[in-house]
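Visitor: Hey, I've got a structure open and I'm not sure where to start. Can you walk me through it?
Guide: Sure, here it is.

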Amino acid sequence: MKVSIIGGGGRVGSNAAFALQCAGIVSEIQILDANGDLALGEALDLLHGSSVIADQRIYAGDYARAADSDIFVITAGLRRKPDESRLDLINRNVALFEQILASLKTAGFRKDALIFVVSNPVDILTQLAVVRLGLPWKQVLGLGTMLDTARFRSLLADELKLAPTQVKALILGEHGDTMLPIWSSATAAGLPASPPRSKPNSSNVPKGAEPKSFAAKAARAGRSASPLQKSSIVSPKTGVSSFQSRPFSRASTDCATSRSAFRPSWVAVV
Ligand SMILES: NC(=O)c1ccc[n+]([C@@H]2O[C@H](COP(=O)([O-])OP(=O)(O)OC[C@H]3O[C@@H](n4cnc5c(N)ncnc54)[C@H](O)[C@@H]3O)[C@@H](O)[C@H]2O)c1
């Protein structure tokens with residue numbers, strides 16, 4: 001299987017290439033980037049490790065050489081700045097993305113190729129790829145709430161002091177400020193992790209049952225904990241609801257989220 005990573009010289013693209021190398025599940029990894037030197041450097045770095053990892057062809061290429069790829073991963077684009085939403089990137093990244101799609105069309109691509117969009121705003125750019133490339137929507141995937149789901153699970157696990165794989169939960173919707181945590185799907189070590197039922201007060205918190213809160217972590221990181229809200233969750237250890245902070249604002253059981261949803265201030269902005 002051949003994978004071409006457009007934007008592969010950047011942080012996300014080069015990490016994707018490294019993950020593909022370590023997993024050893026593809027035979028060919030091509031790195032394309034507007035910055036040719038960066039693409040070359042990343043490809044060489046990976047290539048130098050290939051003798052101890054897997055037999056793969058790894059190189060810096062171009063659109064013509066990418067035409068027979070099974071998968072195109074598109075990570076090219078600008079990152080958002082702190083306090084900028086993913087949607088704020090639209091003006092800067094849409095033009096750039098259109099240019100990439102035009103280059104793909106000019107050089108040609110297999111009609112059964114998969115296009116995997118990572119660049120933000122990912123939902124919009126994924127739809128744009130469907131339209132501009134004329135591919136069935138099933139062949140064009142965006143890395144959206146899969147990432148948010150993984151983050152959500154890891155944050156819950158950290159809060160509950162559980163192994164991350166023991167926490168299941170789901171984020172749906174836009175990969176952005178309106179993403180939606182599906183609390184009814186959340187389980188911790190097989191037990192339901194419930195949404196808040198009432199305002200927390202110290203009297204109904206079993207002594208010693210409250211784990212270190214998000215707010216405490218935020219405070220430790222020297223940042224404001226103001227976006228974080230209080231909620232309850234069933235403790236897998238005690239089986240009772242204990243109150244702790246979590247970074248969601250709730251409108252209903254499976255809650256609507258606010259701009260700061262699922263983004264505690266100590267989590268890196270990507
Ligand atoms: N969907 C997600 O879950 C998710 C997660 C993380 C990052 N992102 C997005 O991925 C994108 C990349 O993030 P990053 O941190 O790797 O940024 P980065 O700046 O490290 O890398 C971007 C790369 O794209 C290259 N590039 C720019 N224009 C190009 C073009 N026209 N053709 C080919 N290459 C081009 C740059 O030279 C650079 O190497 C951003 O838009 C970011 O918001 C999305």
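Visitor: What kinds of residues make up the shell around the ligand, by class?
Guide: The shell has 14 nonpolar residues, twelve polar ones and four charged ones. Keep in mind that this is a predicted model.

Visitor: Which residues come nearest to the ligand?
Guide: Out of 30 residues around the ligand, the nearest are Gly10, Val12, Ala76, Gly77 and Asn120.

Visitor: And which helix gives the largest share of that shell?
Guide: That's α4, with four residues. Both α1, residues 11-23, and α4 supply at least two shell residues each.

Visitor: OK, switching to the sheet. What's the strand order?
Guide: The order is β3-β2-β1-β4-β5-β6, in an open sheet of six strands with parallel pairing. The edge strands are β3 (57-60) and β6 (140-142), and each of those pairs on one side only.

Visitor: By how much are neighbouring strands turned against each other?
Guide: On average by 15°, if you ignore direction.

Visitor: Let's go into the middle, then. How many bridges join β1 to β2?
Guide: Five bridges, and the two strands run parallel. Strand β2 covers residues 28-32. If you want a spot to click on, find Ile6, which stands opposite Leu32 in β2.

Visitor: What about β1 and β4, how many bridges there?
Guide: Four bridges, in the parallel sense. Here β1 is residues 2-6 and β4 is residues 71-74. One pair to look for is Val3 with its bridge partner Ile71 in β4.

Visitor: And in which sense do β4 and β5 pair?
Guide: In the parallel sense, over four bridges. Strand β5 takes in residues 114-117. Phe72 has Ile115 in β5 as its bridge partner.

Visitor: Where do side chains go in a strand anyway?
Guide: In a regular strand they alternate between the two faces of the sheet.

Visitor: Back to β4 and β5. Which helix joins them in a β-α-β unit?
Guide: It's α4, residues 90-107, and the β-α-β unit is right-handed. So α4 turns up twice in our chat, as it also gives the shell around the ligand its largest share.

Visitor: At what angle do the axes of α4 and α5 cross?
Guide: Roughly 30°, and the axes come within 10 Å. Helix α5 is residues 122-133. Angles under 35 degrees count as roughly parallel, and therefore α4 and α5 are roughly parallel to each other. The crossing where α4 passes α5 is right-handed.

Visitor: And α1 with α2, what's the angle there?
Guide: Their axes cross at roughly 15° and come within 10 Å, with α2 being residues 36-53. That angle makes α1 roughly parallel to α2. The way α1 passes α2 is a right-handed crossing.

Visitor: New topic: backbone oddities. Which residues does a cis peptide bond join?
Guide: Asn120 and Pro121, with omega at about 0°. Pro121 is in the loop between β5 and α5. You've met Asn120 already, as one of the residues that come nearest to the ligand.

Visitor: Which residue has a positive phi although it is not a glycine?
Guide: Asp83, with a phi of about 70°.

Visitor: Where do I find Asp83?
Guide: Look in the loop between β4 and α4.

Methods: Residues are numbered from 1 along each chain as its sequence is written. This is a predicted model: local features need pLDDT of at least 70, side-chain atom pairs count only at pLDDT 80 or more; totals for chains, interfaces and linings use all residues. Two strands pair if DSSP finds at least two bridges between them. A crossover is right-handed if, with the strands pointing away from the viewer, the path from the first strand over the helix to the second runs clockwise. A residue is near a molecule or strand if its C-beta atom, placed from the backbone, lies within 6 Å of it. Ala, Val, Leu, Ile, Met, Phe, Trp, Tyr, Cys and Pro count as nonpolar, Asp, Glu, Lys and Arg as charged, and the others, Gly among them, as polar. Axes are lines fitted to C-alpha atoms, for helices over the stretch in contact, and angles run from 0 to 180 degrees between N-to-C directions. Angles under 35 degrees count as roughly parallel, over 145 as roughly antiparallel, 65 to 115 as roughly perpendicular and the rest as oblique. A crossing is left-handed if the near helix is turned anticlockwise from the far one by less than a right angle, and right-handed if clockwise.
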